[in-house]
Amino acid sequence: MARAQRARIRTAGLQPAQVLAGLSSLAFLVFGIVGFTRTGFADFAGRSDATVLGFSVNPLYNLGFVLLGAIGLLLTFGSGRSRVFGFLTFVAFGVLFVWGLMITGTVSTNPVSQAGNPFNLNGPDNWLHLGLAALGLVIAFLPARHKVLLPEDEEETVVADRADSATAVEPLPDDSRRPKHGKGPTVAREERPPGLAH
């Protein structure tokens, strides 16, 4: 029972959230870069007929994908940071999904109609954004792989650490350096010359 109380749980190795976040980030980067090859940089937030995989794009939209992909790659190096990227993806594409519904008229009232359509959103884009928002939730809540450390595992680690950092021990004196008569240095000091003996 004591083992169960002292056991510790830690995340082990590369997490599934990190892998999924890394792959998503690379896909976002590629999508944004390909979008720039279709649109260029002119008319940055204007209407464009260019598409990538059937989704309408413009330079501002492409820049959003490139930035999100770059941020995702930076956040991939850690389980917790990958989950932050998942939440960021969910929020970004969730907002675009709702905004796209307003722009396409699916939602009758558009409180930000004065902002226009700077991301060049249309109906197919809405479904893309819904799917990417769901992907962000999956990354954020994907279960982590854990490792249970039992007390004996920790003791083995401590012993191994001590063995690695052991201090140097001076070797014992060699037998060839001792006097041949077999007496130690203390005995040799107590002997008196024969002329001084009583």
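Take residues 60-77: their end C-alpha atoms lie 27 Å apart, and the span is 89% helix and 0% strand. This stretch belongs to a predicted model, and it is one of the spans that the UniProt annotation "transmembrane region" covers in an unreviewed entry; the others are 20-40, 84-107 and 127-144. Here are two of those spans side by side.

| Span | Distance between end C-alpha atoms | Helix | Strand |
|---|---|---|---|
| Residues 60-77 | 27 Å | 89% | 0% |
| Residues 127-144 | 28 Å | 83% | 0% |

**The whole chain**

Let's step back for a moment. The protein chain has seven helices and four strands, and from the N terminus on they run α-β-α-β-β-α-α-α-β-α-α. Of its 198 residues, 31% are buried. If you look at the contacts with a separation of 6 or more, 71% are between residues 24 or more positions apart.

How sure is the predictor? The chain averages a pLDDT of 78, and 67% of the residues score at least 70. Go easy on residues 155-169, though: pLDDT stays under 50 there, and the model has zero contacts for them beyond four places in sequence.

**A closer look at H5**

Now for helix H5, which is made of residues 123-141. From first C-alpha to last, its 19 residues reach 28 Å, close to the 27 Å expected at 1.5 Å a residue. At the N-terminal end, Asn122 acts as a cap: one of its side-chain oxygens lies 3.1 Å from the backbone nitrogen of Asp125.

Which residues of H5 are buried? They are Asp125, Asn126, Leu128, His129, Leu132, Ala133, Gly136, Ile139 and Ala140. Looking down the axis of H5, you'd find these buried residues within an arc of 160°, so they line one face of the helix. There's a simple bit of geometry to keep in mind here. An α-helix has 3.6 residues a turn, so residues three or four places apart point the same way.

What covers that buried side? The cover includes helix H2 (16-39), strand E3 (55-56), helix H3 (59-75) and helix H4 (79-103). Turned away from the buried side of H5 is a face that carries the exposed residues Trp127 and Phe141.

**Arg83, a residue in H4**

Finally, have a look at Arg83, which sits in helix H4. Is Arg83 buried or exposed? With a relative accessible area of 16%, Arg83 counts as buried, because the cut-off for buried is under 20%. Leaving aside neighbours within four places in sequence, Arg83 is in contact with Ala17, Ile139, Ala140, Phe141, Leu142, Pro143 and Ala144. Among these, Ile139 and Ala140 also appear in the list of buried H5 residues.

Conventions: Residues numbered from 1 in each chain as written. Predicted model: local features only at pLDDT ≥ 70, side-chain atom pairs only at ≥ 80, totals over all residues. Heavy atoms only, no water. Helix = DSSP H or I, 4+ residues; strand = E, 2+ residues; numbered from the N terminus. Expected span 1.5 Å × (residues − 1). Buried < 20%, exposed > 50% of the residue type's maximum accessible area, 1.4 Å probe, protein only. Arc of directions from axis to C-beta. Contact = heavy atoms within 4.5 Å. Polar contact = N/O pair within 3.5 Å; in protein donor to acceptor, adjacent residues only side chain to side chain. UniProt positions renumbered as here; feature names shortened; annotations may be inferred. pLDDT = per-residue confidence, 0-100.
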